[in-house]
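The following exercises concern a pocket, a helix pair and a backbone angle. Please work through each task before reading its solution.

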Amino acid sequence: MEMPEASKQNVESEHVQNPEPDQILSPRRSLQLHQRKWWISVLFCLFLVVAGDSLVMLLLNFFYVQDNRQESDQDLQYKGTWLQALVQNAAFPILIPLFFIFPSPKPNQETNNTRFLSFRLLFLYLFLGVLVAAHSKLFALGKLYANYGVFTLISATQLIFTVVFAAIINRFKFTRWIIISIILTVLIYVFGSPEFGGEPVENEEFYSIQAWLTFAASVAFALSLCLVQLGFEKLLVKTKRYGNKKVFRMVLEMQICVSLVASLVCLVGLFASGEYKELKGDSERFKKGETYYVLSLVGLGLSWQVWSVGLIGLVLYVSGVFGDVVHMCSSPLVALIVVLAFDFMDDDFSWPRIGTLIGTVLALGSYFYTLHKRNKKKMVELNQSENSVEV
């Protein structure tokens, strides 16, 4: 006997409302899968930061060695900085196809004031773009004013500024393991940073001006990291365009929008300063020729995007402090790669740098231990809640 149509619909509706146990995941299993995906995302972004850092430093050294910086006079140290700032941001269009390829959760329509939140998010993108452009310009200037060792020593303060801003802006909670990681990271960055082929000769060094520029660049960088984290937590997530989840597509949106604004600012600076007139002379002075000049700039632009996407991803999944720790901890590995790729007269991978490699393992291990404890605490809390429900 055939079941009536109304009965069939009732059975189907009951089946949807009460799915079989094997058709749904338990809260514990769901949390385990979420944490596993989270760890994969964090490690992937960490890889991007290290790879981007390495490629950027290799190509920067190649660019300035081929640019005959050692034969330049004082005035030449001031040229090319708007171009380098532009190169740091201008390759963002390569991310646009990836933005549409990466899946996105369905938007959540339950929230109110999405228009107001979107306006605040737009303002944040504009402000961050100007801030990143300023950092890029000051960073490029600072490297060319004085000895790279002095520049490295001063730029190490960026992690201290990041810590201060994170405590004020993001209400970041520090543990003793994170503090140990931060202290080790500063020491690693100071003693393990690679050599730089673009530093001026002794008669071209201006420590006072360079120091202020580097401090300003460090402050801008630290502030941008904390504001990116604030934008993710307080604005982008609350607009509900990606549901209630933190997804990698948010990283691409942040990077594309901020880089667009920063590129426009740097482009205006390039033409307003008249620096664009020097581009032809720079390409002709390049030892390897104009083709390699263009290719090195393109490679630098792509490498900066790899680094930036990885860094912003770490800010999204963990925090701005962790992103800065990973960035600075990569310096010994980058130094090793630079030593292998270039033959700088006074540069070798000595015992102090080998020590910084060991310190890198300890610094990252301390931070990862904190992250592991936080995930474990969530699992314990879930087990306790399940046990209380059963009782």
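Two conventions precede the exercises.

This is a predicted model, in which local features need pLDDT of at least 70 and side-chain atom pairs count only at pLDDT 80 or more, while totals for chains, interfaces and linings use all residues. Residues are numbered from 1 along each chain as its sequence is written, and side-chain values use heavy atoms, without hydrogens and water.

**Exercise 1.** Determine which residues lie nearest the centre of the largest pocket, and which element gives the most to its lining.

*Solution.* A pocket is an open set of points on a 1 Å grid over the protein atoms alone, where a 1.4 Å probe fits, with protein on both sides within 12 Å along at least five of seven lines; lining residues have an atom within 4 Å of a point. Step 1: the lining has 38 residues, and His34, Trp38, Lys246, Tyr317 and Lys378 lie nearest the centre. Step 2: elements that give two or more residues include α2 (27–66) and α15 (351–390); helices are DSSP runs (H or I, at least four residues), numbered from the N terminus. Step 3: α2 gives the most, with 8 residues.

**Exercise 2.** Establish how α7 is oriented relative to α13.

*Solution.* Step 1: the axes of α7 and α13 (residues 320–329) are 9 Å apart, at an angle of about 170°. Step 2: α7 is therefore roughly antiparallel (over 145 degrees) to α13.

**Exercise 3.** Locate Arg171 and state whether this residue is buried or exposed.

*Solution.* Step 1: Arg171 is in the loop between α7 (157–169) and α8. Step 2: its phi is near 50°, a positive value in a residue other than glycine. Step 3: with a relative accessible area of 65%, Arg171 is exposed (over 50%, 1.4 Å probe, protein chains only).

Conventions. Buried < 20%, exposed > 50% of the residue type's maximum accessible area, 1.4 Å probe, protein only. Axes fitted to C-alpha atoms, helices over the stretch in contact; angles between N-to-C directions. Parallel < 35°, antiparallel > 145°, perpendicular 65-115°, else oblique.
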